[in-house]
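Here's a quick briefing to read alongside the picture. Take a moment to look over the structure, then work through the points below.

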Amino acid sequence: MILTDDERRMRDGADGPAVAAAMDLLIRYAAALDAERLCTVRNVAGTTTQPSPLKARLVAEGGWDRAFSVINLDADETLPIPPMAVPTCQLQQGFGPDSVDVVPYPADFVALQSDAEVFYGGRGVSVLATCTPYQVGNLPVRGEHCAWMESSAVVYANAVLGARTNCEGTASTGAASLTGRVPCWGNHHDEHRRGTHLVRVDTPVATFLDWGLLGYFTGDAVQEARPVVTGDHALPDLTDLKHFGAAAASSGGVEMYHIPGVTPEAPTTEAAFGGARVPEPLVYGAAERRAMYERLNDQGDSPDVDFVLLGCPHASLDQIRDAARALDGRRLHAGTELWIMAPRALAAVAERSGYTAVIERAGGRVLTDSCPAMSRAAPEGTRVFATDSAKQAHYLPAILGIEAWFGSTAECVDAAVTGRWRGELR
Amino acid sequence: MSGARTVLRGRTVVPGVVEGEALVSEETISGWGGIDPATGTIIEARHPLAGVCFTGRILVFPGAKGSSGWSGFFQTTRLLGTAPLGMIFTVTTTKAALGAVVTRVPALADLDGDPVRLLRTGDRIRLDATAGTVDLLNRAMPG
């Protein structure tokens, strides 16, 4: 493997033991990938502040230096952690102080996380606390090499922004933040960004629900490959693409896709395939749409809904406003709670725009920083939940052992108001 | 059954040598949301191995899927003492590669045959990830 002079110096300890440990991890990781060299990055999105029992134990043993050393650098020793070498943001984390008494989330975790924010903020980590850093100001430029984790953010960065990142992990982003390097492999190379499969949409895709179903189909059909989506679809907006990518990254491992005429590296279908022969299409028609809907809804038996969850990945302002409109003048069912998960920066805008007041008058909540999947915390006693997120419908039944219904935002709001699931595929 | 025979050759992901029982997953594995690191158990409801523990066994699987929490969850199995003994996987991704590195178990990929078809759960195997070989020591009884 080829290392630059700077990289060798970092490995040998010129910038201190934490940077040396970071470089050691990156070298082991690059070897595991059979990468020839490292890429220079100046945009890292990772996780450091979110609490866990293991992290609490490590912090008790040796403070945040120890937690970062062991978890984010894969080191055995406790190393003094210097400021981040390149711009780094915190992704979603545990529920924060604004959720105390609302979310059944351990108070000691909230305190641990607040302590972490002080430590990592002091070392230059921007505490965006969202799975959607691209919604709140972290926008890499086209072609920029990044080290991001969070599957839904990775696919958005590659496909929609045209930035270049693999699906990194806790340790590789930690090491990247102290070195400004990550293995140059996979999505960093032109030849690994071109389309591999053609998905032809033969049934109209225009709504938020439909972009989720199409994403769930696409991920299942291509797994880790790179789909090119053409056919009978409307022009997607940020919210549609956020849902599509998250669904495709949940049912498969999609990190890159093209929508010719929409996404930046695919002016045409031919360009999306880089001039290679366009393959026979995988067809997404009415039968495939129904099959995806039924698969996402095969984890629900009881129509009595205790909990409605909107916003995964974190809600856009459009989603918060749509929910507020749907809830305006109505009142949640006595036994049902509704949470909308959003980045804290957007929640501030929703509040001053009056959307939050409408949602709260109905009995719902706008919550920030986290989500029930990340924090493993839903309203006390939840047995059945409903969501407009294909990703949450996919993951939450396993994580929390609850039943799931998947449908449109309007159907989810209806379930919150009536306490009954009445969704159907239209 | 007498004498080990090399059944697969592959590329070193993490060097090292282990001997143990294979646990073969026909489907890809999700880390975050798919395993419980406290017990070393696969928990994804629809997974064929849902409820099965991989601790101390050589995990043979097609590859990693789902969230980027994959590596962190498998790293946690090492720190909690519930890690698999080794990993053999078909498709190299950043999730599986980094996951194997931070789990710090011998790991092999890019094999010359399909490990999921050629190995069975219960087979006793020797994984020499340094040399890049998988030897079959004892075949599991069919059924």
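Before we get to how the two chains meet, one term is handy: buried area is the accessible area, for a 1.4 Å probe, that two parts lose on being put together, summed over both. With that in mind, chain A and chain B bury about 2900 Å² between them, and carbon and sulfur atoms give 55% of that. Keep in mind that this is a predicted model.

**Meet the chains**

- Chain A comes to 16 helices and 14 strands.
- Measuring along the principal axes, the C-alpha trace of chain A spans about 65 × 55 × 35 Å.
- How does the radius of gyration of chain A fit a compact globule with 426 residues? Chain A has 22 Å, and a compact globule with that many residues would have a value near 22 Å, so the two agree.
- Chain B has 3 helices and 12 strands.
- For chain B the radius of gyration is 14 Å, close to the 15 Å that the globule rule gives for 143 residues, so chain B is as compact as a globular protein of that length.
- The C-alpha trace of chain B spans about 40 × 30 × 25 Å along its principal axes.

**Where chain A meets chain B**

- On the chain A side, 42 residues take part in the contact, while chain B brings 35 residues.
- Three residues to look for are Ala32(A), Glu224(A) and Tyr395(A): together they supply 17% of the area that chain A buries against chain B, more than any other three residues.
- There are 12 residue pairs in polar contact between chain A and chain B, counting pairs with both residues at pLDDT 80 or more.
- Which helices of chain A each supply at least two residues of the side that touches chain B? They are α2 (17-33), α3 (53-72), α6 (170-179), α14 (372-375) and α15 (390-400).
- Out of that side of chain A, the largest share comes from α2(A), with 6 residues.
- Sorted by type, the residues of chain A's side split into 20 nonpolar, 10 polar and 12 charged.

**Salt bridges**

- Over all chains, a search of the whole structure finds 33 salt bridges.
- Across the interface of chain A and chain B, the count is 4 salt bridges.
- Asp74(A) is a good residue to zoom in on: its side chain meets that of Arg78(B) in a salt bridge, at 2.7 Å from N to O.
- Asp74(A) also forms a salt bridge with Arg104(B), where the closest N and O atoms are 3.4 Å apart.
- Where do the partners in this second pair sit? Arg104(B) is in the loop between α2 (94-103) and β10 (107-109) of chain B, and Asp74(A) is in the loop between α3 and β3 (88-90) of chain A, so to speak a link that crosses between chains.

**Domains inside chain A**

- Chain A is divided into domain 1 (5-190), domain 2 (194-295) and domain 3 (299-418).
- In the contact between domain 2 of chain A and domain 3 of chain A, 14 residues come from domain 2 and 16 residues from domain 3.
- The centres of domain 2 and domain 3 of chain A, taken over C-alpha atoms, are 26 Å apart.
- These two domains of chain A bury about 1200 Å² between them, with 58% of it on carbon and sulfur atoms.
- How many salt bridges and polar contacts link domain 2 and domain 3 of chain A? The count is 0 salt bridges, but 8 residue pairs are in polar contact, with both residues at pLDDT 80 or more.
- On the side of domain 2 of chain A that touches domain 3, α7 (208-222) and α8 (238-251) each supply at least two residues.
- The one that gives the most to that side is α8(A), with 7 residues.
- That side of domain 2 of chain A is made up of 7 nonpolar, 5 polar and 2 charged residues.

**Two backbone spots to check out**

- The peptide bond from Cys312(A) to Pro313(A) is cis, with omega near -5 degrees.
- You'll find Pro313(A) in the loop between β10 (307-310) and α11 (317-327) of chain A.
- Gln223(A) is not a glycine, yet it has a positive phi of about 55 degrees.
- To spot Gln223(A), look in the loop between α7 and β8 (227-233) of chain A.

Note on methods:
Residues numbered from 1 in each chain as written. Chains lettered and ligands numbered in written order. Predicted model: local features only at pLDDT ≥ 70, side-chain atom pairs only at ≥ 80, totals over all residues. Heavy atoms only, no water. Domains from an automatic or database assignment. Contact = heavy atoms within 4.5 Å. Polar contact = N/O pair within 3.5 Å; in protein donor to acceptor, adjacent residues only side chain to side chain. Helix = DSSP H or I, 4+ residues; strand = E, 2+ residues; numbered from the N terminus. Nonpolar A, V, L, I, M, F, W, Y, C, P; charged D, E, K, R; others polar. Rg over C-alpha atoms; globule rule 2.2 N^0.38 Å.
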